[in-house]
Amino acid sequence: MRELYPAIEPYRQGLLKVSNLHTIYFEESGNPQGKPVVILHGGPGGGSQSLYRQYFNPDLWRIVQFDQRGCGKSTPHAELTENTTWHLVEDIETLRKYLNINDWVVSGGSWGSALALAYSQAHPEYCQALILRGIFMLRRKELAWFYQEGAGYLFPEAWEQYVELIPTDERHDMIAAYYRRLISDDQHLRSQAARTWSIWEASTSKLIPDLELITRFGSAEFADAFARLECHYFVNQGFFMSEMQLLENVDRIRHIPTTIVQGRYDVVCPMFTAWELHQAFPEAEFIVVPDAGHSMTELGIRSALINASDRLGK
């Protein structure tokens, strides 16, 4: 099992205005002359974490992170206007050009894997390699499994808390029911819905539930952006032309060296999605971690990701 690299601080932090409305926070750490990698966080709405830096050897990598529109240190907070997959794809390009990076490795997990696929398919010429974890493509069956019927059979106690907020006559479409509350002018209702939505995901993210993670996801500021942005993207089917778009466009990236890391018992982004990507993209290295769920901090996933970054870094 691989240990994380030592904690480091950014050598550069900044704000980049990407539209009249949105400004994104970014940072760089590691070696300014190293191989560039951009890390795409999950959610949507999850925000970057300092921990992400520790998956890359700081002597080898120029590590770029940014908070996607509406979350983390980006402003305005929890804003849904001008916030789509394609706005984020172009934000990645705007940041690449701003940092004078010719091309880079793109790393993303969960929603970050979907965004990495969307970006690389739109701009394959700027992608040296891809590191993907916990594959998510926002298809109806994936969303239904986690938010409507499926995952709750494995976590019934957490599921009970998730559905309790929604009246019985609205439970036929839980995502829509939550969305109505998350865009409500009633701040108490909005906050309650955001916390409940976020805690459901945190309660299922690891093979062994993590109370510290549940507490962090349940904090009011984090939950507001996380739940609103996730639900916004989900009710809009990720803003894709079709729900199969990321699979249908795999031919655009088959030449890009790619590693896929998937926890066998990932409940949030279940194994069948990674398997279908693997079938469509057999050139990619496909690593199934047999004793892990969704979280990148689980030991087997952590080791696989660090091994992948070391191979690419060298």
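The exercises below work through the fold and a few residues of a predicted model.

**Exercise 1. Overall size and composition**

Task: Decide whether the radius of gyration of the protein agrees or disagrees with that of a compact globule, then describe its extent, surface and contacts.

Solution.
- Step 1. For 314 residues, a compact globule would have a radius of gyration near 20 Å. The protein has 18 Å, which agrees.
- Step 2. Along the principal axes, the C-alpha atoms fill a box of roughly 55 × 45 × 40 Å.
- Step 3. Of the 314 residues, 61% count as buried. The exposed surface comes to about 13,000 Å², and carbon and sulfur atoms supply 52% of that area.
- Step 4. Take the contacts between residues at least 6 apart in sequence: 74% of them join residues at least 24 apart.
- Step 5. The secondary structure consists of eleven helices and eight strands.

**Exercise 2. The sheet**

Task: Find the order of the eight strands in the sheet, and state which strands lie at its edges.

Solution.
- Step 1. The order is E1-E2-E4-E3-E5-E6-E7-E8, in an open sheet with mixed pairing.
- Step 2. An edge strand pairs on one side only; this applies to E1 (12-17) and E8 (285-289).
- Step 3. From one strand to the next, the twist averages 20°.
- Step 4. Helix H1 (residues 85-98) packs on this sheet, where it touches E1, E2 (23-30), E3 (35-40), E4 (61-66) and E5. The direction of H1 makes about 125° with that of E1.
- Step 5. Helix H11 (residues 299-313) also packs on the sheet, in contact with E3, E4, E5, E6, E7 and E8. Its direction makes about 175° with that of E6.

**Exercise 3. Strand E6 and its surroundings**

Task: Trace the pairing from E5 through E6 and E7 to E8, and explain why E6 is described as largely enclosed.

Solution.
- Step 1. Start with E5 (residues 104-110), which pairs with E6 in the parallel sense over seven bridges. Within this pair, Ser-107 has Ile-131 of E6 as its bridge partner.
- Step 2. The chain segment between these strands includes helix H2 (residues 111-122); E5, H2 and E6 make a right-handed β-α-β unit.
- Step 3. Move on to E7 (residues 258-263): E6 and E7 are parallel, with four bridges. Here Leu-132 stands opposite Ile-260 of E7.
- Step 4. E7 in turn pairs with E8, again in the parallel sense, over five bridges. The bridge partner of Gln-262 is Val-288 in E8.
- Step 5. A right-handed β-α-β unit is made by E7, helix H10 (residues 271-280) and E8.
- Step 6. Now count burial in E6 (residues 127-135): eight of its nine residues are buried, so the strand is largely enclosed by the rest of the structure.

**Exercise 4. Arg-96 in helix H1**

Task: Is Arg-96 buried or exposed, and which residues does it touch beyond four places in sequence?

Solution.
- Step 1. Locate the residue: Arg-96 belongs to helix H1.
- Step 2. Its relative accessible area is 6%. The cut-off for buried is under 20%, so Arg-96 is buried.
- Step 3. Leaving out residues up to four places away in sequence, Arg-96 touches Ile-101, Asn-102, Trp-104, Tyr-119 and Tyr-126.

**Exercise 5. Val-163 and Thr-196**

Task: Compare the sequence separation of Val-163 and Thr-196 with their distance in space, and classify the burial of each residue.

Solution.
- Step 1. Val-163 is in helix H4 (residues 156-164), and Thr-196 is in helix H6 (residues 187-204).
- Step 2. The two are 33 residues apart in sequence and 8.9 Å apart in space, from C-alpha to C-alpha.
- Step 3. With a relative accessible area of 11%, Val-163 is buried. Thr-196 has 18% and is buried as well.
- Step 4. List the contacts, setting aside residues up to four places away in sequence. Val-163 touches Arg-171 and Met-174. Thr-196 is in contact with Gln-161, Tyr-162, Leu-165 and Tyr-178.
- Step 5. Repeat the distance check for Thr-196 and Phe-217: they are 21 residues apart in sequence, with 9.4 Å between their C-alpha atoms.

Terms used
Residues numbered from 1 in each chain as written. Predicted model: local features only at pLDDT ≥ 70, side-chain atom pairs only at ≥ 80, totals over all residues. Heavy atoms only, no water. Buried < 20%, exposed > 50% of the residue type's maximum accessible area, 1.4 Å probe, protein only. Helix = DSSP H or I, 4+ residues; strand = E, 2+ residues; numbered from the N terminus. Pairing = 2+ DSSP bridges. Right-handed = clockwise from strand over helix to strand, strands pointing away. Rg over C-alpha atoms; globule rule 2.2 N^0.38 Å. Contact = heavy atoms within 4.5 Å. Areas by Shrake-Rupley, 256 points an atom, 1.4 Å probe, with all protein chains shown as cover. Axes fitted to C-alpha atoms, helices over the stretch in contact; angles between N-to-C directions.
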